[in-house]
Amino acid sequence: MNVYDSDKMKDIFLSHNILPTDDYTKADFVVLNTCHIREKATEKTFSDLGRFNKKGKKGQTVIVAGCVAQAEGELIQKRAPYVDLVIGPQSIQSLDHFLKKDDFKEKAITEFDAIEKFDTLNQIKTNHSSKTAFVTIQEGCDKFCHFCVVPYTRGAEYSRTVYEIEDEIKALVDLGVVEFTLLGQNVNAFHGKDASGNTHSLASLINHLSEINGVERITYSTSHPISMTDDLINLHGTNEKLMPYLHLPVQSGSDNVLKLMNRKHTRDFYFDIIEKVRKVKPDIALSSDFIIGFPGETDKDFEDTIDLIKRVKYMNSYSFKYSPRPGTPAANKKMISDDILDERLFQVQQLLNEQQMEYNKKFITKTVSVLIDGAGKHEGQLKGKSEFNQSVALLGEKKIIGQIIPVEIKDVLSHSLIGERA
Ligand code: SAH
Ligand code: SF4
């Protein structure tokens, strides 16, 4: 979602004829769009700010946007007084207002106003050069998992209207985009209204969007298990534009930990969803997020996570050591020792890597359809993405960038496939 927000801020600058540069030392404006989800991401904000201060052009306007700006605005102003403006993730549109006035005196804007955000952003021309695009359809979260800052930094759950989303997607189709990732912190809790005031679920929205000429692929991220409704599950069996890929974070395989995390579902509930999805789409690629070492996680709880991974079999996943976040209910709970955390994370990642390799190996000699999205690492090589969300490399001419072509898989590396045009 930060990529999406960054692109929107870039669109705002472009609408003021301010062009992007790769070299921050020469830039008139530097915007650091930040993430607060784990401590490491927050620390990075301060080290990057230090660098801008030392090496940035004299008189450079420094703007900190995103969730660190929202949560730590005062600290930023104290530790980095040279920062001109702090804007929260739901106030990025205020950049337009500041650029119009050419005055950054206000210092901090951290309102939670998703309606005003999208009303303003809808007026700004979209610039996009890639074949794939993220489109935020839902923002914020009301679920309050005990480890998570999102409800505090992105605010309450909000769904954009169906017509706004349609307009944005049509504008992107006109620019040549064929693959869309619908974004939300709880994307499957989407409940946006159409022009007649009727509420649509995510499944209904996807059906709508897939009728737009030029939309070839749709996927969505990130879903919460308790909002995984039957209409959405069944859509995976019926809508051909919906990619056979589902990112459904479980966080832990232990009922005890899921309860401590306030996840509001059990492991059996999660297994039921996986079973239902696989019934309608047997070859669906599954992925998840895992938090390792949440306070109170015992050896047995950890074994339950390993067991869940072994039972589900993922195509890829993200796993993180638990990071205490200020202001969340779990923040002051006793931490598990670093040695145990490291050992558990290592075990989980080893298993997930093995599963990814196993999953990918099954594709050797099979043909997948690949959206070619750019040049590869080596001379003459192209890279793209299969419908199962795997990275694929192949030899080919640059003129086919942007096409979806059949590719026969010849070999697999740890995180990607190697193929030839079929
Ligand atoms: N809404 C999604 C997750 C959004 S946050 C869901 O409910 O699953 C993205 C991921 O960051 C989470 O899935 C989680 O695995 C990780 N994460 C969030 N807070 C964390 C924390 N305090 N420590 C470690 N990882 C965290
Ligand atoms: Fe965070 Fe997701 Fe839980 Fe919301 S549902 S609090 S975004 S982990």
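This is a short tour of a predicted model, moving from its domains to its two ligands and then to two backbone details.

**Stop 1: the domains.** Start by colouring the chain by domain. The assignment gives domain 1 (1–115), domain 2 (128–243), domain 3 (279–362) and domain 4 (363–421). Keep these selections at hand, as several later stops use them.

**Stop 2: where domain 2 meets domain 4.** Show domain 2 and domain 4 together; their C-alpha centres are 26 Å apart. Across this boundary, seven residues of domain 2 are in contact with nine residues of domain 4. The two domains bury about 650 Å² between them, and carbon and sulfur atoms account for 63% of that area. Now display Lys131, Arg217 and Met243 as sticks: within domain 2, these lose the most area to domain 4, and together they make up 66% of what that side buries.

**Stop 3: ligand 1.** Centre the view on ligand 1 and select its shell. There are 16 residues around this ligand, and Gln185, Gln251, Arg263, Asp289 and Ser323 come nearest. By type, the shell holds six nonpolar, five polar and five charged residues. With your domain colours still on, look for domain 2 (128–243) and domain 3 (279–362), each of which contributes at least three residues to the shell. Switching to a cartoon, pick out strand 13 (285–292) and strand 14 (316–321); each of these strands supplies at least two shell residues.

Next, check three individual distances:

- Gln185: a backbone N or O atom of this residue is 2.6 Å from a nitrogen atom of ligand 1.
- Ser323: a polar backbone atom here lies 2.7 Å from a nitrogen atom of ligand 1.
- Arg263: this time the side chain is involved, with a polar atom 2.9 Å from an oxygen atom of ligand 1.

How much of ligand 1 does the protein bury? Taken alone, ligand 1 exposes 540 Å², and the protein buries 90% of that.

**Stop 4: ligand 2.** Leave Arg263 displayed and move to ligand 2, since Arg263 also belongs to the set surrounding this ligand. Add Cys141, Cys145 and Cys148, then Lys143, Phe144, Phe147, Val150, Pro151, Asn186 and His224, to see the rest of the surroundings. This shell divides into seven nonpolar, two polar and two charged residues.

**Stop 5: two backbone details.** Select Ser221 and Thr222 and show the backbone atoms. The peptide bond joining them is cis, with omega near 0°. Thr222 sits in the loop between strand 11 (217–221) and helix 9 (230–238).

Finally, go to Asn17, in the loop between helix 1 (2–15) and strand 1 (29–34). Is phi of Asn17 positive or negative? Its phi is near 60°, a positive value in a residue other than glycine.

Conventions. Residues numbered from 1 in each chain as written. Chains lettered and ligands numbered in written order. Predicted model: local features only at pLDDT ≥ 70, side-chain atom pairs only at ≥ 80, totals over all residues. Heavy atoms only, no water. Near = heavy atom within 4 Å. Polar contact = N/O pair within 3.5 Å; in protein donor to acceptor, adjacent residues only side chain to side chain. Areas by Shrake-Rupley, 256 points an atom, 1.4 Å probe, with all protein chains shown as cover. Helix = DSSP H or I, 4+ residues; strand = E, 2+ residues; numbered from the N terminus. Nonpolar A, V, L, I, M, F, W, Y, C, P; charged D, E, K, R; others polar. Domains from an automatic or database assignment. Contact = heavy atoms within 4.5 Å. Buried area = accessible area lost by both parts, 1.4 Å probe.
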